[in-house]
Amino acid sequence: MNRRQFNKTVAAAGVATALAPFGIVRAQGAKLKVGVLLPRSGFQGFIGQSCQKGADLAPGVIKEMLGVDIELMNADTETNVDTARTRAERLIQEGAHVLVGPFDSGAAAAIAQVAEQRGVPFVINIAAAPQITEQGYKFVFRNFQTAPDIVRNGLALIGDLFRATSTVARTAVFMHVNDTFGQAMAKGIGAFMGRLTELPFKIVDTISYDPAAKDLTVEVSKAKASNPDFLLLVCRLNDAIILRREMVKQRWQPMGIVSPGSPGMYEEQYFKALGKLSEYSISNVPWYNPRAELTKVVEKAFLKQNPKDKLVYHGLNAGFTFESILIAADAFKRAKSTDPKALADAIRQTNITSKMMLGAPIKFNAKGQVEGIGSACLQNLNLVPTVVLPASAATAKPVFPMPGYKKA
Amino acid sequence: MPAIELVANVVISGLLTGLVYGLMALGLSVIFGVVRVVNFAHGEMMTIAMYAAVMLYAAFGLDPFIAVVPVAAAFFAFGYLLQTGLINPFITRPEHSQFILLVAVAIVLVNGLLLAFGPDARNVQVDYQLESYAIGPILFDKARVFAAGMAVTASAALFAFFRFTRTGKAIRACADNYLGAKVVGLNVKRYYALTFGLGSACLAVAGCMMILLVDVTPSLGPAYTLLAFVIVIVGGLGSMPGALLGGVLIGVSEALAGLFIAPSAKSMFSFGLLILVLLFRPQGLLGRKS
């Protein structure tokens, strides 16, 4: 380097330093690059694609709402924790300012480590394992109920269901997927069943199964042999379909199939694959408020992007994925910067009152967890997941016990 | 202790599924027994057969039991061409070359299926799929009974072909003594191709039956390749009755492990069985010592 080149370099550095305070202005003019990590293939592929619909409509809706430009950087985790980790690394290398996703507790835990190491904010859309926000992470945020919250709300809604239908079920078999989410839910149920004394039933058998199971004959045989009043189920999508078919094959007709808070039975594919067999299944899950203003806006955008589809089949997946991007965009607007630390600080200060999903405003506690997210009791009626409880949000009355599948 | 009806239901289900597993593994065993090449794309090829059955059902409403005929014929041709065009040049090459070649074929097939069909699970919805026969408290899943019946029929036909036809005997001669077969004027490479075609057709039948029992996704292939290996190693690599016996053993033992230990430990149990066989009878239950 000669003297002239050296002087030019120093001058350029000086100009850059002088302009540094205005960097925020430049950044605000730029786009927010959001790395969206979802399981768009593998055995959670359907759910990942459902979440993706919420991500795809976010840039347009948020541009209208906040005037913020968003660029989505999509990555497929392939329903694989290791792939989720490497995809997160790659998104950060490629310039993602914030990560969003990944609809899976195992993948979320892996991505959280990457986000924390690299100092990039990570807003979890859907993942319930409580330990993710118990690690003291500074860059990890979750706008979703933890497994204990889901279980507490889900079990309370089962009590409400029995009261609303004047039914008493005394016994249940608890079946759950044997993955991070399923185990967290099982722990939660174990912890809450003893405490919620108003619930009239006891669990007579607990059966865990492989989330990638192709055949659930043995599992259903065991459950049926316990002769429970109803099936308490923590499932994913594919296994829920296999399980429902197997119940019919084995001529097992309990009073109902009730999920205290898991995906699967309210998803579009569940209806497509099972037709009338999907009827009357119940899922107590965090859900969107159909009366919220933002829901109407999102619903319109959803219909525009997916003319042959309905938001109701993607309510939880698309809703929480949309909200996670909204949180990032809102923080970007306030931070006026894409600097990861500034974004993380702004996310920590989030207070979104005009929201889509049921529950309290979006505010993060010191652990990065949103509290007060509400649940609804959804029952599949006329091939549509329908809110039947709480009564204030219900659009139909619950049916329990469910009619036999032959009458359905 | 589970009730006897429960155990009986679970054993019957495992037995019926095991017969279809056995047919799938039979293809692998036949190919190895004659050509001495281990088909590492076995599960992936069966996945293609499952997709073929799904497409024929969607396009023409063909029941997988009827779809067996065109799919098996197409797979015979595919297997024949694969052997003549791709595998025959590798017959005399080291085993690791054959291994890499067929693993590459497997990867191409999985990704080809992903490109063609996407990651979504697909199935056929025939009328009898959700029905079952009941004899007292014992239930027989109709689709499983039919699939197992087809597996037994196809296996018997294959046994008969190798035992009673001139071509079958010639193939066995090639398997027993490569040099001797060449000396007496047999076109060994043609018979190898025929064998690969037959193994593939066998696989196609298994695929058409399997689609009645499970939904298909592109990622299903590697799991079935592994399962076929477990079955043929337990039964005896190269032994046709061994493949069927291995299938039934794995099917029933997985079902019983699910019942008596934990459903999520089913696969662990079959691999435990594999380790025991490798330790105490490395040639497999019906295999011959090399």
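Which residues does A:Asn284 touch, once residues up to four places away in sequence are set aside? In this predicted model, the answer is a list of nine names that I will read in sequence order: A:Asn153, A:Gly154, A:Leu157, A:Ile158, A:Ser259, A:Pro260, A:Gly261, A:Ser375 and A:Cys377. A:Asn284 itself lies in strand E10 of chain A, and it counts as buried because 26 other C-beta atoms lie within 10 Å, where 20 or more is the threshold. To give a sense of distance, A:Asn284 and A:Lys63 are separated by 221 residues in sequence and by 32 Å in space, taken from C-alpha to C-alpha.

Let me stay with the strands around that residue. Strand E10 of chain A, residues 282-286, pairs with strand E11 of chain A in the antiparallel sense, over five bridges, and within that pairing A:Ser283 has A:Leu378 of E11(A) as its bridge partner. Strand E11 of chain A, residues 375-381, is mostly covered, with six of its seven residues buried. E11(A) also pairs with strand E12 of chain A, residues 384-389, again in the antiparallel sense and over five bridges, and here A:Asn380 is bridged to A:Pro385 in E12(A). E11(A) and E12(A) make a hairpin with two residues between them, and in the turn A:Asn382 has a positive phi of about 55°.

Next, the helix that packs against these strands. Helix H6 of chain A runs over residues 147-165, and its 19 residues should span 27 Å at 1.5 Å a residue, which agrees with the 26 Å between its end C-alpha atoms. The buried residues of H6(A) include A:Asn153, A:Gly154, A:Leu157 and A:Ile158, and those four names also appear among the residues that A:Asn284 touches. As a group, the buried residues of H6(A) pack against helix H7 (180-195), strand E9 (257-259), E10, E11 and E12 of chain A. Just after H6(A), A:Ser166 takes a positive phi of about 50°.

Stepping back to chain A as a whole, the domain assignment gives domain 1 as 20-146 + 290-373 and domain 2 as 148-286 + 376-389. The C-alpha centres of these two domains of chain A lie 28 Å apart, and 22 residues of domain 1 are in contact with 22 residues of domain 2. On the side of domain 1 of chain A that touches domain 2, the elements giving two or more residues are helix H3 (45-66), helix H5 (105-118) and helix H12 (315-335) of chain A. The largest share there comes from H3(A), with three residues. By class, that same side of domain 1 of chain A has 13 nonpolar, eight polar and one charged residues.

Now to chain B, which has 11 helices and two strands, and which follows the pattern α-α-α-α-β-β-α-α-α-α-α-α-α when read along the sequence. For 290 residues, a compact globule would have a radius of gyration near 19 Å, and chain B agrees with that, having 19 Å. The C-alpha trace of chain B spans about 60 × 50 × 35 Å along its principal axes, and buried residues make up 51% of the 290 residues in the chain. Of the contacts in chain B with a separation of 6 or more, 79% are between residues 24 or more positions apart.

The two strands of chain B also deserve a word. Strand E1 of chain B, residues 132-135, pairs with E2(B) in the antiparallel sense over four bridges, and B:Ile135 has B:Ile138 as its bridge partner in E2(B). E1(B) and E2(B) form a hairpin with two residues between them, and B:Gly136 in the turn has a positive phi of about 60°.

I will finish where the two chains meet. The contact takes 23 residues from chain B and 23 residues from chain A. On the side of chain B that touches chain A, helix H1 (4-35), strand E2 (138-141) and helix H10 (240-260) of chain B each supply at least two residues, and H1(B) gives the most, with five residues. The residues on that side of chain B divide into 14 nonpolar, seven polar and two charged.

Key. Residues numbered from 1 in each chain as written. Chains lettered and ligands numbered in written order. Predicted model: local features only at pLDDT ≥ 70, side-chain atom pairs only at ≥ 80, totals over all residues. Contact = placed C-beta atoms within 7 Å. Nonpolar A, V, L, I, M, F, W, Y, C, P; charged D, E, K, R; others polar. Domains from an automatic or database assignment. Buried ≥ 20, exposed ≤ 12 C-beta atoms within 10 Å, placed from the backbone. Pairing = 2+ DSSP bridges. Rg over C-alpha atoms; globule rule 2.2 N^0.38 Å. Expected span 1.5 Å × (residues − 1).
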